[in-house]
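Got the model open in your viewer? Good: work through the stops below, selecting as you go.

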Amino acid sequence: MDLEILIGIFPQVLLDGIILGFMYALIALGYTMVYGVLEFINFAHSEIFIIGAFVGVEILLTFKSAGWLDVMPWVLVLLIVLVAGMVVSGTVAVVVERTAYRPLRSAPRLIPLISAIGVSFFLQDAIRLFESLWRNSFNLVYPTMDVLNGRFELTETIDVSVKSLVVIVAALVMLWGLHTLVNRTKVGKAIRAVAEDQAAASLMGINVNRIISLTFLIGGAMGGGAGVLFGVQYSLINPYTGFIPGLKAFTAAVLGGIGNIPGAMLGGLVLGLLEAFAASYLSLLTGGAFGAEYKDIFAFSILILILIFRPKGLLGEVVRERA
Amino acid sequence: MIKALLDRPLPATALVAALLAATTLGVAWNPRSIVVFLLFQGSMLLLYFARMPARVKGTLTLITLGILMPFLGTINAYYMEIAIQVGIFVALALGLNIVVGLAGLLDLGYVAFFAVGAYSWAIFGSPQANQIFGGAYFPLNPWWFFVFLFVGVAVAAGAGILLGLPVLRLHGDYLALVTLGFGEVIRVLANNLDKPINFTNGPKGITPIGRPPIFFAAPLEALGIDPNPNVIYPLYLYALVLLIVGATVLANRRLEDSHIGRAWEAIREDQTAAQAMGVPLVRMKLLAFACGASFAGTVGVLFSAKQIFVNPESFTFMESIGVLAMIILGGMGSIPGAILGAAVVTILNLQILKGLSLWLNELRNAGIEIFGYSLANLPTQLEPAKYERMVFGLILVLMMIFRPQGILPAKRRHRELGEDG
């Protein structure tokens, strides 16, 4: 009987895992791209991500109160929200880099990390302050759109919501866009060159500072897009929601090999799947002794184990040591 | 001008003593004014900076902490609470200072050790342990509290070694991330270990936790003082905190100048060179984790006895970063820095931001209009007391950019976290 349940929920868990995985992959890209060019963990990326979600909810709530939400085609609405989230998050990421990281670029390694932690905390409460003044509430709920709540029945037991499909399609498009940008364009070549060797890149006539800003812009935009999708998928957000997904996305980036873009995508998917399976099967397999609440521990344990035993990750190169 | 005054022993002593006396009277006269209490705290800071003979300074410090502060605490109980909290955070900051400041190992999960200490007394000093072992032997006799101050040290040091062993190979930011993960794991465990066996009672937390025994009730009565627990406990806990902070400062100073402290600093400066000079890396790093953790463990025991209640909410990542912000503000590796940082940040959070919140509330209730905007319309969610993270964040970013060595820098500059060279 148990086996039947285990097999029965398998496709649903797989789907949940894939959605979660794409979300992690999108956020992980921000960590990994910045690490690639600066060898620095952008701790504030989890807040860049949640800012995207807040931009999304603000626009949707505005549309709703104006009565446009039911009139406008839903694809257009989603597109507007997604682009706005990406633009704002990307901009914030660039501003953060300019103000809090650039002055510290030549400082010893832990200094920018501490600064980034500070930025992360500052942004959390800055969002809270803004929403408290603006709406007198900082726990916000994404307005529902009827189309998105529709479901396709694949079989009798498995169904897919339109929402999940939208999230998967949007994530795929964003990942494909990034892949093309980095591998097929001149700008992408410049980013890769800066990641490889800053000094040499600047000798080749690349404006390193601009490329670093651009990296933050792209990484931030990916995070912001992920934030909007996160809001659409899970609805409930507050300024502190971003922290745990951010940490897990970092885990995903490390899992795939930090600094490595395909690695971040792979790591995200692997971690999403592992977590979804752990969340649904742990309680079944242990007879209810350990439940889904241990999924966070699960992710952090993976982080700790990977860092200790295979710091280069699944696809990564050996991380150079810098004093 | 003030500096010139503070540099000459006699006027400095007179000035500081006068200020302390005046502000004490000020608080006695107007117990509810946070500003006056702030001035009192400012005078304590001047006492630190003023140049005077060590004996005079020691006496003045003793009078301030031993007589004036408890006196103000009986006038306004909240000031005693602030003093106790400052003490707790000073001890935590001094512990983290060993790991981060001396040994250069950035620990982002420090609050985990605090939690371990707090839970060790919480479980055995309350009926909670009956759920684990069965029977009705618990809570333990209050006298056990003093034993648990040392049990807390041992358990937290053990946890420190447990964390230290696997992360020995990691450096810099990877180490930081792993300690962060460790801190979160401990918190999630505390949150969920209410089944299959109920260790921690989950998010509901443990209460009531036993407090230390009032063994001096009889002599107090003989002196004609009513040993009412509500009056005695704040003073009692304050005395315990002072003792623990004193022991911590002493231990820190002895460690800093010992061969262990030098070995830590050598590791911080250059691990490879330190190893080449014969510093046993593994043992010294583990020792740093264990020492730093043990302070947190013992304060944790005191904290759970003070609160009578613990739950996982007290041990979040934010607390770890708060303690980090304290030592960064004061100056990493500097003992006076850690004390100053802990005091400033705690006072800022508990006193100034709370005061602002109350003030805003009063404005809101009074409904005064400024430039045609009625203050009654201020959003109710706007509570300065809730913006601790913003304070921590600003401290971290601004200090890193403008003064990475802190307000009161350590004597020896260092490379890992200070300037290059």
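## Stop 1: a loop in chain A

Select Asn136(A), which sits in the loop between α4 (110-135) and β1 (140-141) of chain A. Helices here are DSSP runs of H or I with at least four residues, strands are runs of E with at least two, and both are numbered from the N terminus. Before going further, note that this is a predicted model, where local features need pLDDT of at least 70, side-chain atom pairs count only at pLDDT 80 or more, and totals for chains, interfaces and linings use all residues. Residues are numbered from 1 along each chain as its sequence is written, while chains are lettered from A and ligands numbered from 1 in the order in which they are written.

What is the sign of phi at Asn136(A)? Positive, at about 60°, although Asn136(A) is not a glycine. For background, most residues other than glycine have a negative phi. Asn136(A) counts as partly exposed because it has 13 C-beta neighbours inside 10 Å. The scale runs like this: buried at 20 or more other C-beta atoms within 10 Å of the residue's own, exposed at 12 or fewer, partly exposed in between, with C-beta atoms placed from the backbone.

## Stop 2: a helix pair in chain A

Now colour helix α11 (residues 261-285) and helix α12 (residues 295-309) of chain A; they pack at an angle of about 140°, with their axes 9 Å apart. The axes are lines fitted to C-alpha atoms, for helices over the stretch in contact, and the angles run from 0 to 180 degrees between N-to-C directions. α11(A) passes α12(A) in a right-handed crossing (the near helix is turned clockwise from the far one by less than a right angle; anticlockwise would be left-handed).

Show side chains for Leu271(A), Glu275(A), Ala278(A) and Ala279(A) in α11(A), which meet Lys295(A), Phe298(A), Ala299(A) and Ile302(A) in α12(A). Contact means C-beta atoms, placed from the backbone, within 7 Å. The residues of this contact divide into six nonpolar, no polar and two charged. Nonpolar covers Ala, Val, Leu, Ile, Met, Phe, Trp, Tyr, Cys and Pro; charged covers Asp, Glu, Lys and Arg; the others, Gly among them, are polar.

## Stop 3: a helix pair in chain B

Switch to chain B and pick helix α6 (residues 111-124) and helix α8 (residues 144-167), whose axes come within 9 Å and cross at roughly 140°. α6(B) and α8(B) are therefore oblique to each other (angles under 35 degrees are roughly parallel, over 145 roughly antiparallel, 65 to 115 roughly perpendicular, and the rest oblique). The crossing of α6(B) past α8(B) is right-handed.

On the α6(B) side, the residues to display include Phe113(B), Val116(B), Gly117(B) and Trp121(B); among their partners in α8(B) are Phe148(B), Val151(B), Gly152(B) and Ala156(B). How many charged residues are in the contact of α6(B) with α8(B)? None: the split is eleven nonpolar, four polar and no charged.

## Stop 4: Ser126(B) and a cis bond

Go to Ser126(B), in the loop between α6 and α7 (128-133) of chain B. Buried or exposed? Ser126(B) is buried, because 22 other C-beta atoms lie within 10 Å. Not counting residues up to four places away in sequence, Ser126(B) touches Pro139(B), Ile206(B), Thr207(B), Pro208(B), Ile209(B) and Gly210(B). Try a distance label: Ser126(B) and Gly210(B) are 84 residues apart in sequence and 6.0 Å apart in space, C-alpha to C-alpha.

While there, inspect the peptide bond joining Thr207(B) and Pro208(B): it is cis, with omega about -5°. Pro208(B) belongs to the loop between α9 and α10 (217-222) of chain B.

## Stop 5: Ile308(B)

Next, select Ile308(B), in the loop between α14 (281-307) and α15 of chain B. Ile308(B) has a positive phi of about 65° although it is not a glycine.

## Stop 6: where the chains meet

Finally, show both chains: the contact takes 39 residues from chain B and 37 residues from chain A. On chain B, α9 (172-192), α15 (317-330) and α17 (388-402) each supply at least two residues of the side that touches chain A. The largest share of that side, eleven residues, comes from α9(B). By class, the side of chain B that touches chain A has 24 nonpolar, seven polar and eight charged residues.

Conventions. Contact = placed C-beta atoms within 7 Å.
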